[in-house]
Amino acid sequence: MRSNKFTPYLSFIGFGLVILTLSVNVSFKLGIEKGLDEGSLMLLSGASASLLMFTLVWGVFGVIEFVLLWKEKQKMRSKLERGKMNKEDFLDQIRKVKTSLGINISYIVILLFQLGYVIINWDEVNV
């Protein structure tokens, strides 16, 4: 069995997108305070809004990944119950799946906070 079968790659990419979005948004807020020229602020505002929407759309992949990990967990439980998998392999693999599910769920929670931010600040998010 591959060791990277349960790695939540889509969640890791999503975390990178969230960090990129936060850095652009903070740069925009700091640019307002520092008094940058309007052209730079317009570019930062457009990039921030675009990244916010792109990151939220990427959340669909996070949900798909959650469903796939959950199905894999259920499949492993049924293999254990039918006797097709021994207890040691099951415990090793279920630990990997639970870790991946924890990473994926934390990514989905961060996306929910970001969605709340977008809803609250809808007038500022001008794509």
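Buried here means under 20% relative accessible area, exposed means over 50%, and partly exposed is in between (1.4 Å probe, protein chains only). By that yardstick, buried residues make up 31% of the 127 residues in the protein. This is a predicted model, where local features need pLDDT of at least 70 and side-chain atom pairs count only at pLDDT 80 or more, while totals for chains, interfaces and linings use all residues. Residues are numbered from 1 along each chain as its sequence is written, and side-chain values use heavy atoms, with hydrogens and water left out.

**Fold and overall shape**

- The secondary structure comes to three helices and zero strands, which reads as α-α-α along the sequence. The radius of gyration is 20 Å, well over the 14 Å that the globule rule gives for 127 residues, so the protein is more spread out than a compact globule.
- For those two terms, helices (H or I, at least four residues) and strands (E, at least two) are DSSP runs, numbered from the N terminus. The radius of gyration is taken over C-alpha atoms, and the globule rule is 2.2 Å times the number of residues to the power 0.38.
- Along its principal axes, the C-alpha trace spans about 65 × 25 × 15 Å.
- Of the contacts (heavy atoms within 4.5 Å) with a separation of 6 or more, 78% come from residues 24 or more positions apart.

**Surface and charge**

- About 8200 Å² of the protein is exposed, and carbon and sulfur atoms supply 67% of it. Those areas come from the Shrake-Rupley method with a 1.4 Å probe; for residues, only the protein chains shown count as cover.
- There are 15 positive and 11 negative side chains, and the centres of the two sets lie 16 Å apart.
- Lys and Arg count as positive and Asp and Glu as negative, while His and the chain ends are not counted. Each charge is placed at NZ of Lys, CZ of Arg, CG of Asp or CD of Glu.

**Aromatics**

- Searching the whole structure turns up four aromatic pairs, and F54, W58 and F61 form one aromatic cluster.
- Rings of Phe, Tyr and Trp (its six-membered ring) pair if their centres lie within 6.5 Å; planes under 30 degrees apart count as stacked, over 60 as edge-to-face and the rest as tilted.

**Helix α1 picks**

- L17 lies in helix α1 (residues 9–34) and counts as buried because its relative accessibility is 14%.
- Setting aside neighbours within four places in sequence, L17 is in contact with F54, T55 and W58. L17 and L115 are 98 residues apart in sequence and 14 Å apart in space, C-alpha to C-alpha.
- S27 is in helix α1 too, and its relative accessible area of 33% makes S27 partly exposed. From S27 to V109 the C-alpha distance is 24 Å, with their positions 82 residues apart in sequence.

**Helix α2 picks**

- G59 sits in helix α2 and is buried, with a relative accessible area of 8%.
- Beyond neighbours within four places in sequence, G59 is in contact with Y107 and L111. G59 and L10 are 49 residues apart in sequence, yet 9.0 Å apart in space, C-alpha to C-alpha.
- L43 is also placed in helix α2 (residues 38–82), but L43 is exposed at a relative accessible area of 67%.
- The C-alpha atoms of L43 and R82 are separated by 58 Å, with the two residues 39 apart along the chain.
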